[in-house]
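Subject: Handover of a structure model and its findings

Dear colleague,

Please find below the sequence and structure that I am handing over to you. I would be grateful if you could keep the view open while you read the notes that come after it.

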Amino acid sequence: MNHPYLDPSFLVSWSRLTPDAIKPDVTEAISRARANIQAICGQPLDSLTYENTFGALEKASEDLHLGWGRAMHLDSVNDEPAQREAIGEMLPEVVAFSSSVPLNPCLWTVLKAAAACDWVKDLSPVRQRFIQETLADFRESGADLPDEVKPEYAEIEAQLSLKTKKFAENVLDSTNAWELIVEDEAELSGLPDSAKEAARLDALANGHGTEEAPRWRFTQKFTSLQPVMQFADSDGLRRRMWEGSCSIGKDGEYDNEALIAEILELRDKKARLLGYGCFADYATSRRMAGSGANALDFINDLHDKVKPSFLKDMEAVRGYKEEKTGKPVEKLSPWETGYWSEKRRRELYSFDEEDLRPYYSVEKVMDGLFSIYSGLYGITVTPRPTVAFKPGEPGEVPEGAVEVWHPDVLFYELHDAESGEHLGSFYADWHPRDSKRAGAWMNYLSVGEPPHGGKPRVPHLGLMVGNMTKPVGDKPALLSHREVETIFHEFGHLLHQLLSDVEVKSLAGTNVAWDFVELPSQINENWCWERESVDLFAAHYETGETIPDELFSKMRAARNYMSGTDFMRQLCFGKLDLELHVNWPQYKGAPLEETDERILADYRVPMTHRGPSVARRLTHIFADPTGYASGYYSYKWAEVLEADAFSRFLKEGVLNPQTGRDFRRCILSKGNSKPAAELYRDFMGRDPDAEALLVKSGVL
């Protein structure tokens, strides 16, 4: 095929997706999409049908979504200069076309005329909802703007895409630019052996030290940073790592401060052009929160309830350090809190999180994960062999195998256990590398469809990506409990997509209200804490034994340790996000650090040093034109939903297949085919209990 990015084959030939093909393929996809839109515009208004209007619009840009989606995925997992340049060149073209669709007056006329036709009432409820959602999407994308304003709107969209991409590149590049080489092993006192060995091997791989004279390399990647901040006895080492984290999105050419202001200004202008008072009102208008003010009230209310627990936590850690050192401690330093908090937890509960690692090999965790949800949801998950080729050097894929983009990547197929139908397939890419952005995420490469109109089922194709602990030496990758929760979390998102049974692709899977999208992922984390389910994925990598009762009891007892602090940390992100997007005119022009302090003063305790604003590296909010902007609150919003929804599993059985089938039927299969609040009531039989999360976390 002349256009590898547009190859409709279900399985992707990743080695053929080279940087030089991006421009011609995306250009071709835009040309096809433009012709499809023009065909809709040419429909006579007296012969409109669903198929030649809304149905045609649904399919008009499929090639562009396919090709550009593959390119942007590779940008996230295999960043390299030529690819970055090609994507940067085509980004304005893609944004210009995408922005032009709702701004097309002829298309808008046809769609409004179609929506007013008598045949609409005879459509299925899902198609009727698609029509209403599409009309709302168009209005929110400027369809009703005066013609003289539309070019300004399109330019805002173009600038947002360019500036948010640059923000993401600055975070990735500044992360990769920082390293710390330790020569004296004594500095590593307190570090787990697994973390030390990973640092030694990383140093060797990057040309530092030898087997006889080892060195240890540390970076700002989470799997390198977190063990040092939590376990290293050396105050100096922790301080240097913290100072390194302060450089992300801040120093020199990677400084994101100006970009943040420009992004916020563009979003504010966009919202006001569309008739909203602020960007947060625009972003939340069709979410469960309903407005920026409601979302901010939600965060402020939680803050007031959590603050006493947070202050108690922080005072306990300060007092603990004072007691153990025998010296007065007026304030903690930011590189001390994780360390002294961990020491206090070990003493209070005789529990060391590192004791769990031997039971969490990534292979066993994945096998157990599949076992749990196969039983609950009536599915089967089967691995397939994989092969990876260098870009531009495709080879022959062995029979039964699947090509992947990197040798670390795994591939699985998911079938319905009862019917045997192939519902979807997915990739899993779990370990960090320099070409891969930080964090963990789920995405999809193609959206499937259930059987309808005489056509067979089309399976979904998705992926899960993370930056988990790598294998060390001859040991398998042994994960922390937090990393296990992350895998369960992302698999929840994935199941939301792969189990979707919605006939309209735009309403399928994770295309739901943003403050509902985290429910299927966050509820999954609960299965990491119940003995019945934990025994299905936690087994010692050498002996095969499950977690001993005493260790499991300690883990459960320590579950809510410092929960007020963890809660407040998430509220900080939500508060900063919403304040900036609700009240941007109040902060515009002020230095970022001054604004950060003004917004979050009541969300922190005084410390000896204050780092730069987390906004500088908050890719969730500033690395996408919308992303989680005005939506970070949705993590806590969804936690309220999942804490309440999981109470049904606790009552009926955490592995109860009937409860699981109900969750699949009411939530996972429905996508955005009904309003989120209605889907929740279908499963629970009532509205959510707002205090369920506070009780679960021990705050109440």
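The notes below cover salt bridges, aromatic contacts and one pocket, in that order. Please bear in mind throughout that this is a predicted model.

Salt bridges

The count of salt bridges comes to 72. Three individual pairs and one network are described here.

The first to be described joins E347 and K324, whose side chains meet with 3.1 Å between N and O. E347 belongs to helix α14 (residues 337-349) and K324 to helix α13 (residues 292-325), so this salt bridge ties together parts that are 23 residues apart in sequence. E347 is partly exposed, at a relative accessible area of 45%, and K324 is likewise partly exposed, at 40%.

Another salt bridge is formed by E421 and R457, with 3.1 Å between the closest N and O atoms. Here the partners sit in loops: E421 in the one between β6 and β7, and R457 in the one between β8 (441-446) and β9 (460-465), so parts that are 36 residues apart in sequence are tied together. E421 is partly exposed, with a relative accessible area of 28%. R457, by contrast, is buried: its relative accessible area is 19%, and the cut-off for buried is under 20%.

D549 and R531 also form a salt bridge, their closest N and O atoms being 3.1 Å apart. D549 lies in helix α19 (residues 549-557) and R531 in helix α18 (residues 531-534), so the pair connects parts that are 18 residues apart in sequence. D549 counts as exposed, at 58% relative accessibility, while R531 is partly exposed, with a relative accessible area of 22%.

Beyond these pairs, a network of salt bridges links D79, R84, K165, E169 and D173.

Charges over rings, and aromatic pairs

R531 deserves a second look. In addition to its salt bridge with D549, R531 has its charged end over the ring of F552, 4.6 Å from the ring centre. A further contact of this kind involves K636, whose charged end sits over the ring of F567 at 3.8 Å from the centre.

The count of aromatic pairs comes to 38. One of them is formed by F411 and Y427, which are arranged edge-to-face, with 4.9 Å from centre to centre and 70 degrees between the planes. F411 lies in strand β6 (residues 410-416) and Y427 in strand β7 (residues 422-429), and the pair links distant parts of the chain, 16 residues apart. Both rings belong to buried residues. The loop between these two strands is the one that holds E421.

The second largest pocket

Which residues lie nearest the centre of the second largest pocket? They are A198, D202, T223, P432 and K470, out of a lining of 26 residues. The space in this pocket is about 560 Å³. Two or more lining residues come from each of α8 (193-205), β2 (216-218) and α9 (222-231). Of the elements, α8 gives the most to the lining, with 7 residues. Sorted by class, the lining holds 12 nonpolar, 6 polar and 8 charged residues.

With kind regards

Terms used
Residues numbered from 1 in each chain as written. Predicted model: local features only at pLDDT ≥ 70, side-chain atom pairs only at ≥ 80, totals over all residues. Heavy atoms only, no water. 1 Å grid on protein atoms, 1.4 Å probe; cavity = no way out; pocket = protein on both sides within 12 Å on 5 of 7 lines; lining within 4 Å. Points joined across faces, edges and corners; volume = space filled by probe spheres on them. Helix = DSSP H or I, 4+ residues; strand = E, 2+ residues; numbered from the N terminus. Nonpolar A, V, L, I, M, F, W, Y, C, P; charged D, E, K, R; others polar. Phe/Tyr/Trp six-rings, centres within 6.5 Å; stacked < 30°, edge-to-face > 60°. Buried < 20%, exposed > 50% of the residue type's maximum accessible area, 1.4 Å probe, protein only. Lys NZ or Arg CZ within 6 Å of the ring centre and 35° of its normal. Salt bridge = Lys/Arg side-chain N within 4 Å of Asp/Glu carboxyl O.
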